[in-house]
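Morning, everyone. Let me put the model on the screen, and then I'll walk you through it.

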Amino acid sequence: MKRGILIAVFFVFTQALLAQPLQFRHLTVNDGLTQNSASVMTFDKHGYLWVGTADGLNRYDGYSFTQYRKSGARGNRLFNTGINGLAADNRGQIWIAGSEGIEVLDPAANTHRTLLSLPLQANMIRFWYDSIQARMLVFLHNYGVIAYDIKTFARQDIIKPGMSDLSSKLSGLSIIASGKPDLLYLIPRGRNLIVTLHTRDGRYVLNTLSDTPSDFISSTATPYGKGHIVFTAYRHQQFILAEYDPEQLRFIRTAAVDQGAGDPFLKSTLFIPSLQQFAVSDYDRGLTFYDTSFRETANYPISTVLSGTVRGMITLSMLLKDDCLWLGTDPNGITYCDLSPQLFHHFRNNNNSQLPIVKGIFTDSRENVYSCYLASGAEVFDRNGNYLRDLEPIGGNGNEMLQLHAFNSLQPGGKDSVLIYSTNFFGFYEPLTQHHSNFMDQLMRAAHADNNSNNTFHQACMISPGRFLNSFNRYIWLAEFRSGKLKLVLKDSLEKEVSALFAADDDHILAGSEAGLFSIVNGMKKFFPEPGAILIKQINRDAKGDYWISTVNGLWQLDPQMELKHHYTTDNGLPNNYIYGSIISGDHLWISTNYGLSRMDLSGHTFTNYTIADGLQSNEFNSGAFWKAVNGKLYFGGVNGITEIDESIQRPGAIRFPVSVNRILVNEKELSLDPAVTVRLELDHTQNNIVLQFAGIFPSRSRLIRYRYKLEGADKEWVYPVTERSVRYAGLTPGHYVFRVAASLQPGDWSNETSIDINIKPPFWATVWFRTGVIIIALVLLWFLIRRMNEVRYRKQLEKIRVQQQVEDERRRISRDLHDNIGAYTSALMANVEKMKAKSGQDDDLSKMQNNAEQILSSLRETIWVLNNKEISVADFSDGFKNHCSKLLRNFEHISFEAEENIKENRTLSASRAIHLNRILQEALQNMIRHSGATSIRFSISSTDALRISLTDNGKGFDPTLVKRGNGLDNMAWRAQEAGMHLQLESEPGKGSRIILEDEMLPKGY
């Protein structure tokens, strides 16, 4: 019981899927195809579609074709001209059979190899790829069967001409996998036999499986179910569908089907698992679908499939990929249709001579769709979008022909009845009976108007069954239809022509015009929201009582009290501000604009926008061209037919498909490589202007794919170009980049992604090895320079040491000479003075002579001490000078002496520096004793962060500016400079004098 319910549910589901109209799209020479006769097709492992024609080979990525011809450039050159057979192996190689033989194209390497040079008959070559043996099998009518290794291209002849009578029967094969890895079924077209191909230990064996009844002529076959085969065949002068069980060697069932009277061998059959349907193409009937019981479920005539007036045919090439049916045609190129349920479907105008600008739409109870056009006339389509007929019903008033012109508005008038308002018709039309009742003359007489008026603002809206509001020019009428008669009552008028009408209730009318929106209550009019020139296109009301006003400047939302709640424009998410009209469907408000359709979520007031890329008739829609059918489907008309919306269609989940960077330009020059397999680019530093073109390889839905990209190393965030497929990066600096591109068919799903590493090499002077080399060379040169400088410094140091040693030796020699000579003479002089004093008694002159001799000896000793010492500390220097002062001032009892020391840092003084300082102080002391008349002399020395020495008296002083400089002052200044000290003389008449010595690095006056 449960199984039966499931089967019933599944049957209903598949029937519902097939009830969805198919949208056929076409690829011709206008899209880049080499020729409009598409003889063979195949898909490679990357998802590209390959198409063979009589003028070469084509690769299609969903956007454009890459052509391969015999006369093509290198990398796009073929051996063959006309292509009769195609196959792809798992290495990405394309196997080609043509009028000159067999060759293999390797797109990644841009190479091709000729394997067999032999004229081949068209449509008599078939390929089959043996993935287990990694071999490609080639079936050649009247020639045999050949197997090629796909890596080495080693050849194995399975059947040679004359080896078997099978070679003459392998014509127009249907090759069917049995489900077993070592078994194939081969069904020759136009025969009554099945051939098997077995693979055993790398060998291939062909045998006849069974002879079918002699009156059974196979046309084509497709695998179905558990190893079964379904034939389209010709038997007893009838076309049949037959299911065959190869295991039991018998037909399970057959059914006669109406497949036209064309050539039985120009048919093709394909089983579609997603629909559980068989698709059968035919020269006469076009494309027909059958369920698993062989009952016809839908038919699309050849005119619908090809969408053209040129007589054409569907060739034997029919493929199924990504739930999309691909058909080769002649002479209309490639036709394909997406079998998955679609939200939108395009009803195309059938009469090419007539402008397809739709001004009115309505449907009948049979779900037929009526399309009324601006110029004139109307067409009728079935629910699948197939053209049925032009609308030319026989009338009930005098049986005149109904000729409709310039539709203005359509309103439902009841079950299978519609109120039509056009420039020459005002009345009812009954679609099923094709009966009409025209009251235009009565309306014109009541309105006293010219029925030749070109006014396009005629409007109508239903108040209740049989009661309508309608407008003519600026007047609003109440029209009541009773017993085939029309009663008209003038309700009101506007200053300008009425462009929209809505009956809120019997006493409340909303009317729109070029001047804006009017609210009319019991004859009282008022503007809304204020007087102004704004054209109103349509008035609608939702279940909550809110009004939705379509204008040429956005969408107004009014509450039931006619207060403005919101004014929606492109700033809020609308695709365009020119709004034609709206339809309320559940929680959504569908809005037609001058740039596509928009779906507004009434709960969140968010917009989702759709354009022609999503399957719309065009991006431009029209006034009054919208309709909601009883079955819930919505219809919007525009400048290129009707867009049907089926909101019951649920969008599929994430869809996986490959993404590739299919074109790369560097410095405006295209790279000669296959972007489908490119993962890394190595570029020179001058190759820093790059254009990358990318594509999601989903040929049947490429128009719906959205993209985002990011160049890591240059872009901080993802860039969302929506549908743009190329990006340019100029002036890239050397470095490593990663270009990532993702594609999506569903909002938020960016799982389909690819990336390319881009490495831009720096110039040689910016490379690591160059910089390292420069650093090494610089370090070597620096080492040599330092070594040379050290050698010079060492030699100078040696020379200095040698000179110092010489100086020391000379100093010691002088010291010895002074001690041994002058010292001895001075000591002898002092001894002689002592003897003279002993002989002559105490004598002042002798005492002074003795004292001077002692001073000379003392000074000599000091000099010898300095010569014998390289350095002297500040403390020792101070003690030495204080001792000198004490000895000298013994002879001057009227002069007192004071000394002050502040030695925090007992620095050392060189011998020469100490001599100069000592001589300066001695000279100053002598001058103070001789000339100042001082009674007090004060010595001060400070050694902290600097050295400061002063000698001060309290004598009579002088004016330094008036003193004539002599040898004494000049000598002291020279010695101070040599000692690295600053000498300062301070004196003022009556206030004594001061000599100050301080390090030159210190500020003056420290």
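I'll cover two sheets, a pair of helices, some backbone details and a cavity. One thing up front: this is a predicted model.

Let's start with the sheet that begins at β2. It is open and has 4 strands. The order is β2-β3-β4-β5, and the pairing is antiparallel. Which strands sit at the edges? They are β2, residues 38-43, and β5, residues 65-68. Each of these pairs on one side only. Neighbouring strands here are turned by 20 degrees against each other on average, ignoring direction.

Now look at the β5 end of that sheet. Strand β4 covers residues 56-60 and runs antiparallel to β5. How many bridges join β4 to β5? There are 4. To find the register, take Arg 59: it stands opposite Thr 66 in β5.

A quick reminder before the next sheet. Strands of a sheet pair through backbone hydrogen bonds, either parallel or antiparallel.

On to the sheet that begins at β22. This is an open sheet of 4 strands, with antiparallel pairing. Read the order as β22-β23-β24-β25. The edges are β22, residues 268-272, and β25, residues 296-300, each pairing on one side only. From one strand to the next, the twist averages 20 degrees.

Take the β22 edge. Its partner is β23, residues 277-282, and the two pair in the antiparallel sense over 5 bridges. Leu 270 stands opposite Ala 279 in β23.

Now the β25 edge. Strand β24, residues 286-291, is joined to β25 by 4 bridges, and the two run antiparallel. Here Tyr 290 stands opposite Glu 296 in β25. β24 and β25 form a hairpin with 4 residues between the strands. Stop at Phe 294 in that hairpin: its phi is positive, near 65 degrees.

Staying with the backbone, there is another positive phi to look at. Asn 473 has phi near 55 degrees, and this is a residue other than glycine. Where does Asn 473 lie? It is in the loop between β39, residues 467-472, and β40, residues 475-482.

Next, a peptide bond. Is the one from Asp 330 to Pro 331 cis or trans? It is cis, with omega near 10 degrees. Pro 331 is found in the loop between β27, residues 324-330, and β28, residues 334-338.

Over to the helices. Two packed helices are described by the angle between their axes and the distance between the axes. Our pair is α6, residues 874-888, and α7, residues 911-932. Their axes are 11 Å apart, at an angle of about 25 degrees. Angles under 35 degrees count as roughly parallel, so α6 and α7 are roughly parallel to each other. The crossing of α6 and α7 is right-handed.

Last stop, the interior. Rolling a probe the size of a water molecule over the atoms shows where empty space is left. How many cavities of 30 Å³ or more does the structure hold? The count is 1. The space in the largest cavity is about 40 Å³.

What lines the largest cavity? Gln 23 and Arg 25, then Gln 342, Phe 344 and His 345, then Asp 614 and Gly 615, and Arg 703. By class, that lining has 1 nonpolar, 4 polar and 3 charged residues.

That's my tour. Questions, please.

Note on methods
Residues are numbered from 1 along each chain as its sequence is written. This is a predicted model: local features need pLDDT of at least 70, side-chain atom pairs count only at pLDDT 80 or more; totals for chains, interfaces and linings use all residues. Side-chain values use heavy atoms; hydrogens and water are left out. Two strands pair if DSSP finds at least two bridges between them. Axes are lines fitted to C-alpha atoms, for helices over the stretch in contact, and angles run from 0 to 180 degrees between N-to-C directions. On a 1 Å grid over the protein atoms alone, a cavity is a set of points where a 1.4 Å probe fits but cannot get out, and a pocket is an open set with protein on both sides within 12 Å along at least five of seven lines; lining residues have an atom within 4 Å of a point. Grid points are joined across faces, edges and corners, and a volume is the space filled by probe spheres set on the points. Ala, Val, Leu, Ile, Met, Phe, Trp, Tyr, Cys and Pro count as nonpolar, Asp, Glu, Lys and Arg as charged, and the others, Gly among them, as polar. Angles under 35 degrees count as roughly parallel, over 145 as roughly antiparallel, 65 to 115 as roughly perpendicular and the rest as oblique. A crossing is left-handed if the near helix is turned anticlockwise from the far one by less than a right angle, and right-handed if clockwise.
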